[in-house]
Amino acid sequence: TRRGDMLYLHLLRYPGSTFSIANYQHDFWLLEADCLTTGQPLTITHEPTRDVIAGLPETAPNELATVVRIRSRRKTDAEHETRCPPGTAAIELPDRQ
């Protein structure tokens, strides 16, 4: 869910300490994150095709759904250009003869 510049991810299947979000398909730059249940700050690493969020506890702090709160802003034109567009990481196979 989203409210203003805050995104709330409801993790129904707990991923462990790290998870990632594909970043070339949305217009948001992730600034900071924390585990809403524990208040623990999380780290965000920006990669060409995904943002990696790390620092969650190894086991789920909430049995039903752990919520991660992420502060974001709109991407700039330069940030859009640094992201890998869909299909550019695909392996190209030679044509059959």
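**Exercise 1. In which sense do β4 and β5 pair, and over how many bridges?**

Solution. Work on the predicted model.
- Step 1: find the pairing. β4 and β5 are antiparallel, joined over two bridges.
- Step 2: pick out a bridge. Ala33 has Leu42 in β5 as its partner.
- Step 3: look at the link. Five residues lie between the two strands, and the unit is a hairpin. Gly39 sits in the turn, with a positive phi of about 80 degrees.

**Exercise 2. Find how many bridges join β4 to β7, and state their direction.**

Solution.
- Step 1: count the bridges. There are seven between β4 and β7.
- Step 2: read the direction. The two strands run antiparallel.
- Step 3: check one position. Arg71 of β7 stands opposite Glu32.

**Exercise 3. Place the seven strands in their sheet order, then name the edge strands.**

Solution.
- Step 1: recall how sheets are held. Strands pair through backbone hydrogen bonds, parallel or antiparallel.
- Step 2: trace the sheet. The order is β1-β2-β7-β4-β5-β6-β3, in an open sheet with antiparallel pairing.
- Step 3: go to the ends. β1 (2-3) and β3 (18-22) are the edge strands, each pairing on one side only.
- Step 4: add the rest of the chain. The protein has one helix besides its seven strands. From the N terminus, the elements read β-β-β-β-β-β-β-α.

**Exercise 4. Which residues make up the largest nonpolar core, and which strand gives the most to it?**

Solution.
- Step 1: list the members. The core has 12 residues: Leu7, Leu11, Phe19, Leu30, Ala33, Cys35, Leu42, Ile44, Ile53, Leu56, Val68 and Ile70.
- Step 2: assign them to strands. At least two residues each come from β2 (6-11), β4 (28-35), β5 (41-46) and β7 (66-74).
- Step 3: rank the strands. β4 gives the most, with three residues.
- Step 4: zoom in on Leu7. Beyond its neighbours within four places in sequence, Leu7 contacts Thr1, Arg2, Leu30, Val68, Arg69, Ile70 and Ser72.

**Exercise 5. Why is β4 described as largely enclosed by the rest of the structure?**

Solution.
- Step 1: apply the cut-off. Buried means under 20% relative accessible area.
- Step 2: count in β4. Six of its eight residues are buried, so the strand is largely enclosed.
- Step 3: set this beside the whole protein. Of the 97 residues, 31% are buried.
- Step 4: turn to the surface. The protein exposes about 6800 Å², with 51% of it from carbon and sulfur atoms.

**Exercise 6. What share of contacts between residues at least 6 apart in sequence join residues at least 24 apart?**

Solution. The share is 74%.

Notes:
Residues are numbered from 1 along each chain as its sequence is written. This is a predicted model: local features need pLDDT of at least 70, side-chain atom pairs count only at pLDDT 80 or more; totals for chains, interfaces and linings use all residues. Side-chain values use heavy atoms; hydrogens and water are left out. A nonpolar core is a set of buried Ala, Val, Leu, Ile, Met, Phe, Trp, Tyr and Cys residues joined through side-chain atoms within 4.5 Å. Buried means under 20% relative accessible area, exposed over 50%, partly exposed in between (1.4 Å probe, protein chains only). Helices (H or I, at least four residues) and strands (E, at least two) are DSSP runs, numbered from the N terminus. Contact means heavy atoms within 4.5 Å. Two strands pair if DSSP finds at least two bridges between them. Accessible areas come from the Shrake-Rupley method with a 1.4 Å probe; for residues, only the protein chains shown count as cover.
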